[in-house]
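Colleague: I would like a close look at one helix and its surroundings. Please take it slowly enough for a first-year student.

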Amino acid sequence: MIEARHLRVLRAVAGTGSFSAAARELGCTQPAVSQQMKALEQSAGTPLLIRAGREMRLTQAGEALVRHAAGILAGLTAAEEEVAAIAGLRAGRVRLVSFPSGSSTLVPTALAAMRAAHPGTRISLVEAEPPRSVEMLREGDCDVALAFRYGGDGDGLGSAAEWEDLVVRPLLTDRLVGLVPEGHRLAGAGRVGMAELADEPWIAGCPRCRRHLVEVCEGVGFTPRIDFATDDYPAVVGLVGAGLGVAVLPELAVESVRAKGVSTLVVEPAVEREVVALTLPDLARVPAVAATVAELERAAAR
């Protein structure tokens with residue numbers, strides 16, 4: 001019989017390429033990983049891993065088992081949580097992944113409410129931008145993903161079709177605002193057309209935001225000259241405040257940063273992104289997961 005703990009170890013070995021790296025990721029010893037893989041191969045009745053130089057590679061059977069592992073583990077998690085709720089055990093775990101500006105604005109309010117209402121539920125948080133956060137959800141590495149998508153995403157990342165297999169709970173529409181140094185010629189304008197910034201040096205954000213910035217600028221007739229690119233929103237604000245360029249950031253990001261030395265402007269045409277909570281259909285029926293998503297909705301409505 002194949003055990004869930006063995007599947008988790010197999011996924012770690014497949015992802016890291018070695019027993020020693022998998023052991024570090026799982027917080028156990030290399031011999032323990034080796035023993036569990038031997039037990040899994042005995043249960044499967046066929047080799048699942050082969051050594052290729054310094055790396056461990058999956059056999060065809062191993063690839064098949066890893067492909068099914070995420071769904072199996074998600075189903076097991078859902079079953080365990082539902083059984084615990086039915087039995088009246090007020091304990092559980094929710095693994096949340098969020099993009100940084102969501103972590104500093106929506107998440108604290110939601111998690112504080114969860115702790116007050118359900119003190120026995122443990123919630124962990126890690127940060128990742130989409131599409132990586134969505135991959136983590138599908139791979140069974142989290143239960144809820146706070147993510148976003150821009151209107152008109154043309155690459156399939158975060159499009160409606162790409163999320164068809166997930167439960168999508170819209171939270172809010174986050175408008176992008178322009179940032180210019182306080183001494184900039186447009187600092188007091190209140191609003192600005194993107195085309196008015198065509199000759200400015202730009203500071204760009206995360207890869208998806210960067211790509212969308214280029215698409216929007218090209219849509220109004222110019223290609224932005226990106227002098228700096230960083231995933232760190234405070235760094236973006238700091239670079240603008242130092243007079244090194246202009247930027248557009250989501251309002252959530254501006255809320256989470258002390259915007260010193262910069263002026264914010266309404267950008268035209270409007271550029272918006274949809275912020276959503278994502279989970280798997282099986283996990284959506286888990287009480288702790290459903291409660292976490294509900295608290296994220298309440299936090300977004302405030």
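Modeller: What follows is a walk around helix H8, then a look at some charged side chains. Keep in mind that this is a predicted model.

Start with the helix itself. H8 runs over residues 207-219 and has 13 residues. From its first C-alpha to its last, H8 reaches 18 Å. That is close to the 18 Å expected at 1.5 Å a residue.

Now look at which residues of H8 are hidden. Arg-208, Cys-209, His-212, Leu-213, Val-216 and Cys-217 are buried. They cover an arc of only 160° around the axis, so they sit on the same side of H8. The general rule helps here. An α-helix has 3.6 residues a turn, so residues three or four places apart point the same way.

What does the buried side pack against? Its partners are strands S5 (144-150), S8 (201-204), S9 (225-229) and S10 (247-250), along with helix H9 (233-241). Just after H8 comes Gly-221, with a positive phi of about 110°.

One residue of H8 also makes a salt bridge. The side chain of Arg-210 meets that of Asp-231, at 3.7 Å from N to O. This pair links distant parts of the chain: Arg-210 is in H8, Asp-231 is in the loop between S9 and H9, and they are 21 residues apart. Arg-210 is partly exposed, with a relative accessible area of 25%. Asp-231 is partly exposed too, at 42%.

This bridge belongs to a wider set, as the structure holds 15 salt bridges. Another one joins Arg-138 and Asp-165, at 2.7 Å from N to O. Arg-138 lies in helix H7 and Asp-165 in the loop between S5 and strand S6 (167-181), so the pair ties together parts that are 27 residues apart in sequence. Both ends are partly exposed: Arg-138 at 28% relative accessibility, Asp-165 at 40%.

Finish with a charged residue that has no such partner. Glu-129 is in the loop between strand S4 (121-127) and helix H7 (132-138). Glu-129 is buried yet has no salt bridge. Why not? The nearest side chain of opposite charge, Arg-273, is 5.6 Å away, and a salt bridge needs a nitrogen within 4 Å of a carboxyl oxygen. Instead, look at what Glu-129 touches. Leaving out residues up to four places away in sequence, its contacts are Phe-99, Pro-100, Phe-148, Cys-206 and Tyr-233.

Note on methods: Residues are numbered from 1 along each chain as its sequence is written. This is a predicted model: local features need pLDDT of at least 70, side-chain atom pairs count only at pLDDT 80 or more; totals for chains, interfaces and linings use all residues. Side-chain values use heavy atoms; hydrogens and water are left out. Helices (H or I, at least four residues) and strands (E, at least two) are DSSP runs, numbered from the N terminus. The expected span of a helix is 1.5 Å times one less than its number of residues. Buried means under 20% relative accessible area, exposed over 50%, partly exposed in between (1.4 Å probe, protein chains only). The arc is that of the directions from the helix axis to the C-beta atoms. Contact means heavy atoms within 4.5 Å. Lys and Arg count as positive and Asp and Glu as negative; His and the chain ends are not counted.
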